[in-house]
Amino acid sequence: MEEEPPWKKLRLSLERPYKDDNGEPLPELFDITPDGQHIYRPREDPTAIVGTKLRRVFVERGIDFFDAQKGSRTLPASQTQESSAPDESNANEPEPSESSHTMTPEELYKMRMSLLPQLYIAFGEMSQARDLLTLLLSSSLPTQPTTLPPAPLAATIVDKPPPITSVRAFDAQLTIGGKDKALRAAADLFKTAAEKIEDSRVSGEKYWTDALKIRRGNWGLIPAPLPLGSATGKGADKSSKDFLISFGLEESPPAFRRRAIGRMAATGGDPENALEFPVRQRTRLRVSLTRIHPDGTRQTSHSLLTSLEDGSLDSTLRAAQAEVVEQEIFSLLIKEASSLPTASAEVSERLIVIDAAQNTELRFELVDGDGVAYHNPRETADPTCDLVYSALHVLLLRSHTASKRQRLNKTSIFRSNAAASSAELPPLLQSIIDILQYREFWERVRDEIERVVAALTLAGVSTRVHYDPVADSGEALVASLQAEKNNPVGGEALLRIDDRHTLRFTTYSPSTLTAHLPQATLSIASISQLTQLLSDEISGRLLHRICEIGTERCERVNGTWFVDLLSGRSIGRWEGCVLNFRISFDGDQIGCSASRASRDGHATFVEEYRSRGHLTLFEWIRHTIDSSLGR
């Protein structure tokens, strides 16, 4: 039930107020003088009023009023029977001429009512006679002006006498108060109606201003469907009366395009929510990466979610569009997760868990946008998660481009064979898995190279290394992601040994490693093969360096130095002595053993080098050669 308006709730008490707000009795207004002065009725003592009324009773009714009233009461029944006999005997006797009976108030009232009409009649006759005499006297004195009314013999209308001045003042105040209240209620009603009309005008102007802003921001505006119950027959007006805002991607599936529909809020709504999204789910896509370290600890990092809404119309539409795009990406990830060739996945309604690489777990999760923490300093920031999040959007655009190309080729007259043969769209998830596997593979390759570099550095061998995991520029990487065919990500690693020899390795996603050697180009299939290759190549470079040092130190004895590749030794010969050096790797250390053979063929162990000593490898070799020469 609707609530009554305020002016209908007005209630006016008919009881005359007798006390003010302080509890004091209100004075009774008796009269108002022409100059505006109020005359109040003097207060009377109730005791004095009662005394005056009793005094009037004795004055008007006599001093024996109470005694007469007491004697006139009805006698008992016994006395009535006893007095009945004398009354019958005296019935024939004449009654006395005078009676001492006193009139009661009822009898006096009856007498007054019977006399007053006759007195009024007599008063009317006397007045008529007076008027007649006045008329006759005026006819003999024409010079005197008449004082009679225009119709002296006409009927006279007797009106009710007006109330006293105080009553008229109170009635005037009552009437003015009621009219003032009614006028105020009417004024408030008109004011409220005017405010509503002004608010409606302002809301209408804001509605079209916002519509122009949305159109200026290049957002799509489409006609709104007709309301339910509209006439659709022949000759009916089928033009749309409103429009909708479409912010979905052009090549998105129809289900997601229907979600990407918004509308302008109706006039008179909340000014802070100028846009309405009927099917908005308010979910965001969060990418998480969990890595298990060799010591068993787990490190989890998340992609950084930023709030796109800043109160403007454009930011609100961008936030809603980002939610729909992320939902489409998640739906495509669910389809592709079940058919991954190089990883296993677990799929639920809002969560996808993928074992992307060794000791690496990738999670895609739809989280509530209202409850997510956009900036949490406790969480570890990992640019890889942001890279995956951004790459998914680029790969989605690539899929839409391929879908559009296929759609146009189907409708065109000339169809290309390549377009007709490629019916499948480029995948999203496989490219991400390749990038993560490449990252893990690159870290393992780098760890092996770093182990060798640390061993050489510990031995005092000058070593420099340069890593370039992604050899292409940022523009080239984005272009490779946008290409219809998956292009692998490549990089290289350069190892400089003793400022003389260089080893070059190239890598391609997901796990392709190629070693570029001076004598050949080798494809490496495993980390153990890489370890063996590094050990052999570095040992060969160091053995050649030992030959150079031996040739330099044995120049006076005409010594001959060479490298035996089959046995992995550096051999030096001069008169009466054969000196052999062998390089070995023991974890992150380099070892070198020296042995000397005499003319009779017996080999004697000279000394073994460990990199924990005070001498570098080359200093120890010079010392060993000098000792063998007898210096």
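A disulfide is counted here as a pair of cysteine sulfur atoms within 2.5 Å. The exercises below concern a predicted model.

**Exercise 1. Determine how many disulfides the structure holds, and explain the result for C554 and C577.**

Step 1. A disulfide is a covalent bond between the sulfur atoms of two cysteines. A search of the whole structure with the cut-off of 2.5 Å returns zero disulfides.

Step 2. For C554, the closest cysteine sulfur belongs to C577 and lies 8.3 Å away, and because this is too far for a bond, the two are not paired. Seen from C577, the closest cysteine sulfur is in turn that of C554, at 8.3 Å.

Step 3. Both side chains can then be placed with respect to the surface: C554 is buried, with a relative accessible area of 1%, and C577 is also buried, with a value of 7%.

**Exercise 2. Describe the largest nonpolar core, and find what surrounds I625.**

Step 1. This core has 49 residues, and those that touch the most other members are F505, L542, W561, F581, L617, I621 and I625. Helix 13, spanning residues 527-553, supplies the largest share of the core, namely 10 residues.

Step 2. Once neighbours within four places in sequence are set aside, I625 is in contact with I549, G550, R553, C554, W561, L579 and F581. Two of these contacts, W561 and F581, also appear among the core members that touch the most others, while C554 is the buried cysteine of the preceding exercise.

Step 3. A second core, separate from this one, has 29 residues, including L285, I354, Y389 and I432.

**Exercise 3. Work out how strand 10 is paired and how far it is covered.**

Step 1. Strand 10 covers residues 351-357, and five of its seven residues are buried, so that by the cut-off of under 20% relative accessible area the strand is mostly covered.

Step 2. On one side of the pairing, strand 9 (residues 345-347) runs antiparallel to strand 10 and is joined to it by three bridges. A hairpin of three residues connects these two strands, and A345 has I354 as its bridge partner; I354 is also a member of the second core.

Step 3. Strand 11 (residues 360-368) is likewise antiparallel to strand 10, with five bridges between them, one of which pairs V353 with R363. The hairpin here has two residues between the strands, and N359 takes a positive phi near 65°.

How values were computed:
Residues are numbered from 1 along each chain as its sequence is written. This is a predicted model: local features need pLDDT of at least 70, side-chain atom pairs count only at pLDDT 80 or more; totals for chains, interfaces and linings use all residues. Side-chain values use heavy atoms; hydrogens and water are left out. A nonpolar core is a set of buried Ala, Val, Leu, Ile, Met, Phe, Trp, Tyr and Cys residues joined through side-chain atoms within 4.5 Å. Buried means under 20% relative accessible area, exposed over 50%, partly exposed in between (1.4 Å probe, protein chains only). Helices (H or I, at least four residues) and strands (E, at least two) are DSSP runs, numbered from the N terminus. Contact means heavy atoms within 4.5 Å. Two strands pair if DSSP finds at least two bridges between them.
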